[in-house]
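Visitor: I am new to this structure, and I would like to understand how its labels are earned. Could you show it to me and take me through them with care?

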Amino acid sequence: VEFDGGNHTITNESFLADGGYGVIHVVHGNVTVNNTNIVAREAFVGTGNYAIAVQAEYDSVVTINGGRFEQIITGDSDMYELLYASENAQVIINDGIFKCATPKWTLNCKDGDNAKFIVNGGRFYKFTPETDNPGEVVLGEGCTVTTDGDWYVVSN
């Protein structure tokens, strides 16, 4: 699903789709995702394989309020981003469950851009927003991270 401008809301949906450009791809505009489950399947685009659940570009803002975000991977790359942001995009995560096949790349911004993830809540598999990808991923004010086995839990 691609959005190019305006304000949009996705609520209580489920997607199983190729994640080459992001199952939800926001080029411009503001998109709020509420209690939505996304499974991104691996897709070949250009020079690589991708399985991106949410991709935000340019000046877009994506707000995630719950749901489950994960991937189906058949390849052997060590870099499959789950959520990806570039240019000046912001992704605000208030809640949700995030499980990336390559956990280091759960939340990733294009190097050298001003994109940012702000994490106010959620459960992250083998990825801690407190220390992974510093500068690209920041905790919201007053948020803390605790562990639950292989999961990192962000709460306020």
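Guide: Helices (H or I, at least four residues) and strands (E, at least two) are DSSP runs, numbered from the N terminus, and Thr102 lies in the loop between two such strands, β9 (90–99) and β10 (107–109). This is a predicted model, in which local features need pLDDT of at least 70 and side-chain atom pairs count only at pLDDT 80 or more, while totals for chains, interfaces and linings use all residues. Residues are numbered from 1 along each chain as its sequence is written, and side-chain values use heavy atoms, with hydrogens and water left out.

Visitor: Why is Thr102 called buried?

Guide: Buried means under 20% relative accessible area, exposed over 50%, and partly exposed in between (1.4 Å probe, protein chains only); Thr102 has 12%, so it is buried.

Visitor: What makes Gly75 partly exposed?

Guide: Gly75, in the loop between β7 (61–72) and β8 (83–85), has a relative accessibility of 33%, which lies between the two limits, and therefore it counts as partly exposed.

Visitor: Which residues does Gly75 touch, not counting those up to four places away in sequence?

Guide: Gly75 touches Glu42 and Tyr80, where contact means heavy atoms within 4.5 Å.

Visitor: How do you know that Cys143 forms no bond with the closest cysteine sulfur?

Guide: A disulfide is a pair of cysteine sulfur atoms within 2.5 Å, and the sulfur of Cys143 is 17 Å from the closest one, in Cys109, so the two are too far apart for a bond. The structure holds zero disulfides.
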